[in-house]
Amino acid sequence: MGRRRKKQKTTAEFVENNKAKSENNKNFNVIDQKTVDISINDNENGMITTSKNRELSSRESSPVSALSMRGKIDVEVLSDFENDSEDIGMITDNEEKYGSLGDLNERVYESQTLKKNEKSEILDSFVVSRFNPSSSNVVCYEEKDDNFDLCLVAMKRGESISFRGNVLVASIYGEAVIMGYRLCGVSSEDVSESLQIDLNSSLIFHPVFSPKTHSLLAIESVEKQKMTHKISHPGIIACSKTKSIINKLLSNIDLSKGGYDTILALLDISWCGIQDVENVASCYNNIFSSNFANNNEKKDNEIKQSKDDFFNIKGFYPIFEVAPGMTAFKIPHSWENSTNQLVTDILDFTLPPISIISGHKNVGKSTFSRYLVNSMLNICPKVAYIESDVGQSEFTPCGLVSLNILDSPIFGPPFTHIQQPYRSYFIGHNSPRDDPDYYLDCLRELITVYRRDIACGPEYGMYGDEQIRIPLIINTHGWSKGMGYDLYLHIISSAKPSHIFQFYSATITNKNLPPLPEYVVSPNDQEPPKVSFVEMIDTPGPSKYSASDRRVLSLFSYFYSTSAMTVKQENVKWWAFDQPLVRRVPWCLDWRKGLTKGIFMLTGEVPLSQLLYALNGSIVGLIGDIDNSYKSEQVDVEMSESKEQESRIIPNYFPCPDFSPPSPTEYTCLGLAIIRSIDPTSHTFHILTPLPSSVLFKTNTIVKGTLELPVWLMLDHTKNSSLGVHGVQWKRAPYMSIESGGGVGNAAQKIRRNIKRRSQKPNI
């Protein structure tokens, strides 16, 4: 009771301060102007008006076209509003109160986060490594002049290393397993007294990411398996210098004396930049880095530090003591048995099998899908993967359904392996509830594309090589009741799977799916699918991070990614978190030339007069034709034939529900973008996207759904956000405030899910 009264008192003071401030606030009036510059810092769908025209593009008269790079953005863009305070509104004379409110908000947020962490603290004994490092089984490269971190780890069968962080891993001798994938050594089976690797051989490192947001991964030494043929998957190929250093370190390891079964090479990957995501949002602190300083017992801290010193790899933190809030990735027996059965069927089936993973939300479907993909890559060069869960997508940001072709193992949560799919469609929502028909149309088209181009096509399929089999995995959504279950049955009818993996729980029965209908279990026109029941994981990850937090992480990873991540280029940043989005130079998209097909709105009835306001500061999907031969020069040819379109001030608009979304048989989603600002005078959208120019020139349509832009993407995380945004004080930042608002419609509408339907109510 004491804590509750104190919280109510603090809230009352906060409301009183807000009321006092609101009396000094000026009303905001929108004044029609010719030039409009909309900053990414906007928190509401509105447009900022200025009293004078400003040139927004340094290549306005460029003959290329619709897409060009905008001039450099700097703090001066927002600082212009300091002189136009009368037009902006929300100006308060007392500047000190904003600092106190910022401190109060920060204290309230820290207290709420602390209480949330205390509830979610769990102790998992499986997270402790079954490996005792010493000078005989861990050999490090001592010369640090060239900032080269590398070490060799000799392990016995059954030993494992659980860790937090990120690292590059390669097997020198023996075999090791990470999340179902076997790392095979490059050395020969006949081991002499001095083990050496061939400098002409290909040594491949695979990136492994183990953040605190998900269950931590482990590297386990296992017994060798006799394989008829060895399949090599792409990764980071070691250079001659790395192989020479490994040969020097191998001379310090005695295999016969130590009885080691596996020798691994660990290499630093801190240059990729993923650990800098901790600086973007405070809720993701220490998800990669170590936080030994927060431990209460100094003795345990010293033990951990001493064991970590053996490895000496930046960003690699093995776990040797139980720590709160960290869980380990554990493989139930049902997972292993079901996966082994599927692997056997792949070799026996004439056509590659199609597998569907189904179950309630938060049961471990995504984790099992990663384990299944890695296990299948042990015998397959490639695996096809269809993601139908628009809320928790595996290889794309949320709001998309996609078909991906995977040729390398995936070691880490979804935000660490965002990639460009083979084919994708923009649903625009976190759930298929808003437009289930369009959702099913897109999934049917993805399944058709797989059967036509992948399973039996000349490029990927079996016609070129009978040994090549590209199986398909379909991960379904976690909406298992009502319409969600009907959608799941439609997916089964379209895919006609050979295997169904269904999650179950003997204790939590409300998360079990209903029994499959008879027409699914015993179809008339095909062989019945093999239904395997896999065990549900009660805690797939730390409960501190919700599904919304993981969606935000995927958006962070997508918009801060670089082109080096797509090709896995070594020693080049894959994520550029050191440069906030508000400092990025946006692309300029002329809607008269680039958007030949127009703009689609998937939700709400937005009138044409409010279209630009609705698009301001929003996440949209960039849509293009499926035909890959479509070139940028065709945009100018098409627009030269339509002079009436060039004279239009407002782009072609197709509102919902009068018009259907872009057809999945004709269009594909190229990627996502943020509309940073709009200039109606030059008919230009200023967009931020990680897509390269070769892909951007294919854009001819923009689609907006209900995806929200996280506030963290609007801020400059390199500066003190409590003082303002991008160097501008809070009171002068347009459309953003740290105060609580008031009035009708201020708070977000909450959906009540505890109201039963009339048919569900008991009869009285």
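Start by selecting Y558 and showing its surroundings: beyond its sequence neighbours up to four places away, Y558 touches P397, I418, G671, L672, T689, P690 and L691. You are looking at a predicted model. Y558 belongs to helix 13, which covers residues 547-559. Is Y558 buried or exposed? Its relative accessible area is 7%, so Y558 counts as buried. Now add T396 to the selection and draw a C-alpha to C-alpha distance from Y558: the two lie 7.8 Å apart in space, with their positions 162 residues apart in sequence.

**Zoom out to the whole chain**

Colour by secondary structure next. The chain holds 18 helices and 27 strands. Of its 764 residues, 53% are buried. If you build a contact map and keep contacts with a separation of 6 or more, 79% of them join residues 24 or more positions apart.

**Strand 16 and its partners**

Select residues 472-475, which form strand 16. What becomes of the two faces of strand 16? Both are covered: L472 and I474 are buried on one side, and I473 and N475 are buried on the other. As background, side chains in a regular strand alternate between the two faces of the sheet.

Add strand 12, residues 354-358, and you will see a parallel pairing with strand 16 over 4 bridges. Strand 13, residues 383-387, also pairs with strand 16 in the parallel sense, again over 4 bridges. N475 is a handy landmark here: I357 stands opposite N475, and E387 stands opposite N475 as well.

From I474, step across to L443. Their C-alpha atoms are separated by 9.9 Å, and the two residues are 31 apart along the chain. L443 sits in helix 10, residues 436-455. With a relative accessible area of 4%, L443 is buried. Setting aside neighbours within four places in sequence, its contacts are I386, S388, V401 and I491.

**Helix 5 and its cover**

Move on to residues 240-250, which make up helix 5. Which residues of helix 5 are buried? They are T242, K243, I245, I246, N247, L249 and L250. To see what lies over the buried residues of helix 5, switch on strand 2 (138-140), strand 3 (150-155), strand 4, strand 7 (204-210) and strand 10 (262-267), which are included in that cover.

Stay with strand 4 and pick out N166, which is located there. N166 has a relative accessible area of 2%, so this asparagine is buried. Display its contacts, again without residues up to four places away in sequence, and you will find V208, F209, I269, S270, I274, Q275, F288, K314, G315 and F316.

**The second largest pocket**

Strand 4 also leads to the next stop, since strand 4 (160-173) supplies at least two residues of the lining of the second largest pocket. Rolling a probe the size of a water molecule over the atoms shows where empty space is left. The second largest pocket encloses about 990 Å³ of space. Its lining has 33 residues, and those closest to the pocket centre are V177, G180, I331, E336 and Y371, a good set to centre your view on.

Other elements that each supply at least two lining residues are strand 5 (175-178), strand 8 (218-222), helix 8 (333-348) and helix 9 (365-377). Which element gives the most to this lining? Helix 8 does, with 6 residues. Colour the lining by class and you get 17 nonpolar, 11 polar and 5 charged residues. Then try colouring by domain: domain 1 (125-290 + 307-318) and domain 2 (333-536) each contribute at least three residues to this lining.

**Three backbone stops**

Finish with some backbone torsions. Most residues other than glycine have a negative phi, and most peptide bonds are trans.

- N362: although not a glycine, N362 has a positive phi of about 60 degrees. Look for N362 in the loop between strand 12 and helix 9. Its relative accessibility is 51%, so N362 counts as exposed.
- K496: here too phi is positive, about 50 degrees, in a residue that is not a glycine. K496 lies in the loop between helix 11 (483-495) and strand 17 (499-504). At a relative accessible area of 43%, K496 is partly exposed.
- P657: the peptide bond from C656 to P657 is cis, with omega near 5 degrees. P657 is in the loop between strand 22 (653-654) and strand 23 (667-679).

Methods. Residues numbered from 1 in each chain as written. Predicted model: local features only at pLDDT ≥ 70, side-chain atom pairs only at ≥ 80, totals over all residues. Heavy atoms only, no water. 1 Å grid on protein atoms, 1.4 Å probe; cavity = no way out; pocket = protein on both sides within 12 Å on 5 of 7 lines; lining within 4 Å. Points joined across faces, edges and corners; volume = space filled by probe spheres on them. Nonpolar A, V, L, I, M, F, W, Y, C, P; charged D, E, K, R; others polar. Domains from an automatic or database assignment. Buried < 20%, exposed > 50% of the residue type's maximum accessible area, 1.4 Å probe, protein only. Contact = heavy atoms within 4.5 Å. Pairing = 2+ DSSP bridges.
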